Amino acid sequence: MTVEANPLIHQDTRLRIMAALNRLSGPATLDFTALKAILETTDGNLGTHLDALEKAGYVAIEKLFEARRPKTRVKATPSGRRAFAEHVAYLRSIIASGEPG
Amino acid sequence: MTDLTPADASAALHDIERAEQRTYRAIFRGITSDFLLLWGVAIGAAYTITQFAPRYAWIAWPALQLVGWALTVVLVLLRRPRLSAGGRRRTWQWLLSALAMVVFGHLLLTMLDPVDYRQEGLIWSLIFAFGFTLAGVWTEPALVACGLAVGALGVMIPVWTTSFYFLSMAAAWGGVQIACGLWLRLTGARS
């Protein structure tokens with residue numbers, strides 16, 4: 001596994017989005033509203049960061065209607081999980097070495 | 001990206017851990033809420049039928065329990081894919097623990113041989129109150145409140161009520177479970 005920083009994931013909100021989605025098993029999704037509550041953030045902030053992660057291919061966003069209400073579901077893609085795991089390994093390596101990375 | 005210090009890395013890992021915990025809590029509360037609502041409605045319905053149509057009570061209880069357990073298995077199968085491997089394993093452990101509690105209740109009733117339905121209701125509500133409280137101590141404080149409420153009302157209702165005993169039990173036991181389930185659903189990830 002390559003141990004290096006991922007500047008896209010390291011941003012605070014995006015890091016927490018990836019941590020939350022990575023906690024789910026492979027095919028499982030989280031509703032936008034549930035994710036917003038978990039991260040304690042706003043619609044606009046979450047939407048902006050999800051767009052950035054989607055463009056990088058780290059999350060998949062599904063928009064659908066349930067009982068005539070729009071629903072947005074989000075899940076981590078395999079490449080997103082891999083990138084997140086690499087970034088966590090990088091963070092751990094900095095702590096282990098005691099040197100700035 | 002500027003160089004990260006060990007302190008920055010440690011803070012980032014702390015954020016990750018907190019986000020993971022809040023995600024697990026949100027999913028756990030959602031799943032627990034489903035079960036509380038399902039069994040709250042089933043128990044409430046069974047007691048209400050016993051109150052207003054006592055001649056059907058003999059069939060209502062086993063039928064509602066059968067439907068309850070069937071839906072419980074369906075819910076487990078539907079909901080557990082959301083959890084990671086450890087969480088999925090624990091879902092079956094929870095289900096088996098609940099089943100063991102019911103078997104224990106039946107064995108206890110056989111041994112104690114209660115003289116009337118009020119004593120029987122008291123024993124069941126105390127068994128479930130104990131189960132909720134224990135589960136709450138390990139996982140979710142709201143379940144402790146639910147357990148204490150079911151236990152306290154289960155003890156008080158046989159003493160206080162006369163003609164509307166079954167309806168009171170429907171409100172106390174079924175109602176408390178439904179209220180607890182709704183509260184967990186509304187609070188979600190909030191700590």
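**Figure 1. Lining of the largest cavity, by residue class.** The lining of the largest cavity consists of 5 nonpolar and 2 polar residues, with no charged residues. The model shown here and in the other figures is predicted. The cavity has a volume of about 30 Å³, and the structure holds 1 cavity of 30 Å³ or more. Its lining is made of Ser125(B), Val150(B), Leu153(B), Gly154(B), Met169(B), Ala172(B) and Trp173(B). Two elements of chain B, helix H5 (141-160) and helix H6 (165-187), each give two or more residues to this lining.

**Figure 2. Helix H5 of chain B.** Val150(B) and Gly154(B), both in the cavity lining, are also among the buried residues of H5(B). The buried set further includes Ala142(B), Leu143(B), Cys146(B), Gly147(B), Gly151(B), Ile157(B) and Pro158(B). Where do the buried residues of H5(B) pack? They pack against H1, H4 and H6 of chain B. The length of the helix can be checked by simple arithmetic: the 20 residues of H5(B), at 1.5 Å a residue, should span 28 Å, and the end C-alpha atoms are 28 Å apart, so the two values agree.

**Figure 3. The largest pocket.** This pocket has a volume of about 1,400 Å³. Its lining holds 50 residues, and those closest to the pocket centre are Ala98(B), Met101(B), Val102(B), Phe128(B) and Phe132(B). Helix H1 (6-52), helix H2 (57-79), helix H3 (85-112), helix H4 (117-138) and H6 of chain B each supply at least two lining residues. Which classes make up the lining of the largest pocket? There are 35 nonpolar, 13 polar and 2 charged residues. H6 of chain B thus appears in two views: the helix supplies at least two residues to the lining of this pocket and gives two or more to the lining of the largest cavity.

**Figure 4. Surroundings of His87(A).** His87(A) lies in helix H5 of chain A, which covers residues 78-97. Is this residue buried or exposed? His87(A) counts as buried because its relative accessibility is 0%, and the cut-off for buried is under 20%. The side chain of His87(A) reaches the backbone nitrogen of Asn6(A) at 3.1 Å. Leaving aside residues up to four places away in sequence, His87(A) touches Glu4(A), Ala5(A), Asn6(A), Ile9(A), His10(A) and Leu15(A). Asn6(A) therefore figures both in this list of touching residues and in the 3.1 Å approach to the backbone nitrogen, where the cut-off for a polar contact is 3.5 Å.

**Figure 5. Chain A as the setting for His87(A).** Chain A has 5 helices and 3 strands, arranged along the sequence as α-α-β-α-α-β-β-α. The C-alpha trace of chain A spans about 55 × 25 × 20 Å along its principal axes. Of the 101 residues in chain A, 40% are buried. Among contacts in chain A with a separation of 6 or more, 55% join residues 24 or more positions apart.

**Figure 6. Chain B as the setting for the cavity and the pocket.** Chain B has 6 helices and 0 strands, and its elements run α-α-α-α-α-α from the N terminus on. Along the principal axes, the C-alpha trace of chain B spans about 75 × 30 × 30 Å. Of its 191 residues, 44% count as buried. Residues 24 or more positions apart account for 67% of the contacts in chain B with a separation of 6 or more.

Notes. Residues are numbered from 1 along each chain as its sequence is written. Chains are lettered from A and ligands numbered from 1 in the order in which they are written. This is a predicted model: local features need pLDDT of at least 70, side-chain atom pairs count only at pLDDT 80 or more; totals for chains, interfaces and linings use all residues. Side-chain values use heavy atoms; hydrogens and water are left out. On a 1 Å grid over the protein atoms alone, a cavity is a set of points where a 1.4 Å probe fits but cannot get out, and a pocket is an open set with protein on both sides within 12 Å along at least five of seven lines; lining residues have an atom within 4 Å of a point. Grid points are joined across faces, edges and corners, and a volume is the space filled by probe spheres set on the points. Helices (H or I, at least four residues) and strands (E, at least two) are DSSP runs, numbered from the N terminus. Ala, Val, Leu, Ile, Met, Phe, Trp, Tyr, Cys and Pro count as nonpolar, Asp, Glu, Lys and Arg as charged, and the others, Gly among them, as polar. Buried means under 20% relative accessible area, exposed over 50%, partly exposed in between (1.4 Å probe, protein chains only). A polar contact is a pair of N or O atoms within 3.5 Å; within protein, one must be able to donate a hydrogen and the other to accept it, and residues adjacent in sequence count only if both atoms are side-chain atoms. Contact means heavy atoms within 4.5 Å. The expected span of a helix is 1.5 Å times one less than its number of residues.
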